[in-house]
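Here is a short report on one protein chain. Look over the sequence and the model before reading on.

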Amino acid sequence: MGKIKKWMNRATLKAQFVLSFHLILLYSLLATLLTWGIVITVNWFFMPGALNPANYYEKQIPNILQFVNKKEDALLSKDAKNQVESVIPLKGMDYQIINREGQNVYGSMSTSYIKSKRDLYSQVNTNIHSGKYIIKVYPLFNSKDEVNGAIALRYQLNMASTNPNIKWMVALVTFVSLASPFLYFYLFAYLFGRRFSKKIERPFNELMTAAKNIQHNNLDFSLSLTQDAKELSQLLHAFEEMRKELKQSLVKQWQLEEDRKDMTAAIAHDLRTPLTIIHGHTEILVEGSKRDPERLNRYLHTIYTNTQRSIQLLNQLQEVSVIENPGFAVKRESINISSFVHEKAGEFQLLCQKKEITFVASISQEEASNQLYGDPQRISQVLDNILTNCIRYTPERGEIAWNTVIDHNEVIFEIHDTGPGFTLSNKEQLFKKFYREDASRTSGHGNLGLGLYIAQSIVKNHGGSITADNKETGGALFKIVFPMGKK
């Protein structure tokens, strides 16, 4: 039974229907046979002789005929009525004495089945069937062996008529015996149907509840997969996958909306300062400061600097738009790592000198290829963003070190500074769009919190990785890994 249950849990609905139907038939048959066996056992062992068989009265006919053969046509006299009725069991059998003309002389039944002399001779020694009754006609001979009349015996072949004292019980047992196959079939069909409906009711109720949740924009739920039927399991699995995809889509949509709000707030915040400065200095120039050459040059320089700052902010936004385009891809070409590092190190050396920061660059190589296949402009952009970040937060007379390790399969750029480092609790947020760990440290530098995000996007597009952490000795540590790649 356990194996059948496990198989039904994995079977299709069609297979379960077919198996359930066959089980209903089998259980109905077994229950019917058991019921009949109980009835027979009770009658045979516990009530022997209490019930007369259906042919009980038919078995009495030989004794009655023996009496008839002794009396012959003497039975035609009404004086013999008492003798006849003492032989015939009148509780379940009726009789009729008929003369040679086919007329009823006496008897216990009023219905005449023989109405003429011709009927008498044609029906003698035959059986007459009338509804539920059987009528047997036997001749009565005279002393010359001539048919002088007949006796008709009427009885039924059923248990109710042969047991008149317990007729209601016999009728009930007979009804139960005959109706038990149908009763059991209905019973087991109801039980199996109820069990089957419960199996499919739970997943369908769960689906309806899930649909209502989705209708009310609630996707924070999960559907428990069922093993009740293959189709239901597949349906729930498909619905659950749809819910997950829909939730991811909505989360992305919400995230885009949050990014849009953050971008608007960041642009408004970072552009307000330079534009206010430009506006203020322009008003002063318009009011007459242009007559003072020294003041004019200083104001024009301030306007130029803040204009460049505004352009830089807009360029960052444009860059984000480019790298987030689905069609964005880096253009790979062969890059001589040593030459590339030497050239970029020279650029950063000049930038660090302005802030009196010590800049150190080194290359470690162990019999590996000196060629990296990637986009030199994009990789240069990554390094610009990282090292500019380091220069921004490294104090004067601090130090920035850039170590390049060339391996057989990858090139690793490790950049660390002696700045304040990162807040450990915010490390996971560093590469998110518009994230700025401390707004006070970024104000005045034209920073929207996009530099690290752009750097990470470019590195991932190369198939590499980028991480940020704090050194044990203090300061920030960036690790950028590019696969050597192929043409």
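Of the 487 residues in the protein chain, 37% are buried. Keep in mind that this is a predicted model. The accessible surface of the chain comes to about 29,100 Å². Carbon and sulfur atoms account for 56% of that surface.

Now for the fold. The protein chain holds 13 helices and 12 strands. Take its contacts between residues at least 6 apart in sequence: 64% of them join residues at least 24 apart.

How are the 5 strands of the open sheet ordered? The order is 2-1-5-4-3, and the pairing is antiparallel. Strand 2 and strand 3 are the edge strands. Each of these two pairs on one side only. From one strand to the next, the twist averages 25°.

Here are the residue ranges of the sheet strands.

| Strand | Residues |
|---|---|
| Strand 1 | residues 94-99 |
| Strand 2 | residues 104-107 |
| Strand 3 | residues 127-130 |
| Strand 4 | residues 133-141 |
| Strand 5 | residues 147-155 |

Look next at strand 1 and strand 5. They run antiparallel, and 6 bridges join them. Which residue of strand 5 is the bridge partner of Y95? That partner is L153.

A helix also belongs in this picture. Helix 3, residues 56-71, packs on the sheet. Helix 3 touches strand 4 and strand 5. The direction of helix 3 makes about 160° with that of strand 5.

Definitions and conventions
Residues are numbered from 1 along each chain as its sequence is written. This is a predicted model: local features need pLDDT of at least 70, side-chain atom pairs count only at pLDDT 80 or more; totals for chains, interfaces and linings use all residues. Side-chain values use heavy atoms; hydrogens and water are left out. Helices (H or I, at least four residues) and strands (E, at least two) are DSSP runs, numbered from the N terminus. Buried means under 20% relative accessible area, exposed over 50%, partly exposed in between (1.4 Å probe, protein chains only). Contact means heavy atoms within 4.5 Å. Accessible areas come from the Shrake-Rupley method with a 1.4 Å probe; for residues, only the protein chains shown count as cover. Two strands pair if DSSP finds at least two bridges between them. Axes are lines fitted to C-alpha atoms, for helices over the stretch in contact, and angles run from 0 to 180 degrees between N-to-C directions.
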